[in-house]
Amino acid sequence: TTTPTAEATVRLVDADTTRAFGRALAGVLRAGDLVVLTGDLGAGKTTLTQGIGAGLGVRGQVASPTFIIAREHPPLARPDGSRGPGLVHVDAYRLSSLDEVDALDLDASLDASVTVVEWGEGWVEGLTADRLEVKVRRPRGGVDPTDDEDAAAGERVVTVRAVGDRWAGVTLPGADAVAG
Ligand code: ADP
Ligand code: MG
């Protein structure tokens, strides 16, 4: 059998829309899921993760870590007292060796939480066969990369690709159900 995959492409006109899309994405996520975010610096990966954190309902501010590579956000109690999965947010930009990856003990987080990884391409795929690959890009590029405001503004295009059996029958935000 072939691995079921599905793709959804969505335009995100501003940062709030990107956060809203992250919240929608959280609606299909559960403990054990891995989300791999790719895109240039400033593309909007952390902004999208903020939306995922809001959608899951987790403690703490999702931010770009300065020194910490992985940050755990425990689930908040819902009104009925139940808790969903927490969020483990990994920004591997400063990772310098695969030994540091081992030290993160992501296998453990992967069981209990939703794990979102920025800058994970090339090593994170080895953790699990099932994952959501999310690519964020600026269709028009930075107009003037020396101007921070210019580079930060403008719409993004996000493509979500579901990889693995986990996603069979799951409807991604902005896409039809995965066949299979
Ligand atoms: P990354 O984590 O990919 O390096 P960040 O999410 O930290 O990127 O930064 C993205 C920056 O771009 C933020 O300042 C955000 O407000 C801004 N921005 C502008 N438009 C958008 C958009 N449509 N989606 C996401 N971020 C946007
Ligand atoms: Mg980031």
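Two residues count as in contact when their C-beta atoms, placed from the backbone, lie within 7 Å. What you have here is a predicted model, where local features need pLDDT of at least 70, side-chain atom pairs count only at pLDDT 80 or more, and totals for chains, interfaces and linings use all residues. Residues are numbered from 1 along each chain as its sequence is written, while chains are lettered from A and ligands numbered from 1 in the order in which they are written.

**Helix α2**
- Helices are DSSP runs (H or I, at least four residues) and strands are E runs of at least two, numbered from the N terminus.
- With twelve residues, α2 spans 17 Å from first C-alpha to last, close to the 16 Å expected (1.5 Å times one less than the number of residues).
- Ten of those twelve residues are buried, meaning 20 or more other C-beta atoms lie within 10 Å of their own (exposed is 12 or fewer, partly exposed in between; C-beta atoms are placed from the backbone).
- The cover over the buried residues includes α1 and the strands β2, β3, β4, β5 and β6.
- Right after α2, G57 has a positive phi of about 80 degrees.

**Around ligand 1**
- The shell holds 20 residues, with T18, G44, K45, T46 and T47 the closest; near means a C-beta atom, placed from the backbone, within 6 Å.
- Both α1 (15-26) and α2 (45-56) supply at least two shell residues each.

**D130**
- D130 sits in the loop between β5 and β6, and counts as partly exposed because it has 16 C-beta neighbours inside 10 Å.
- Beyond its neighbours within four places in sequence, D130 contacts V163, G164, D165, R166 and W167.
- G164 is 34 residues away in sequence from D130, yet their C-alphas are 4.3 Å apart.
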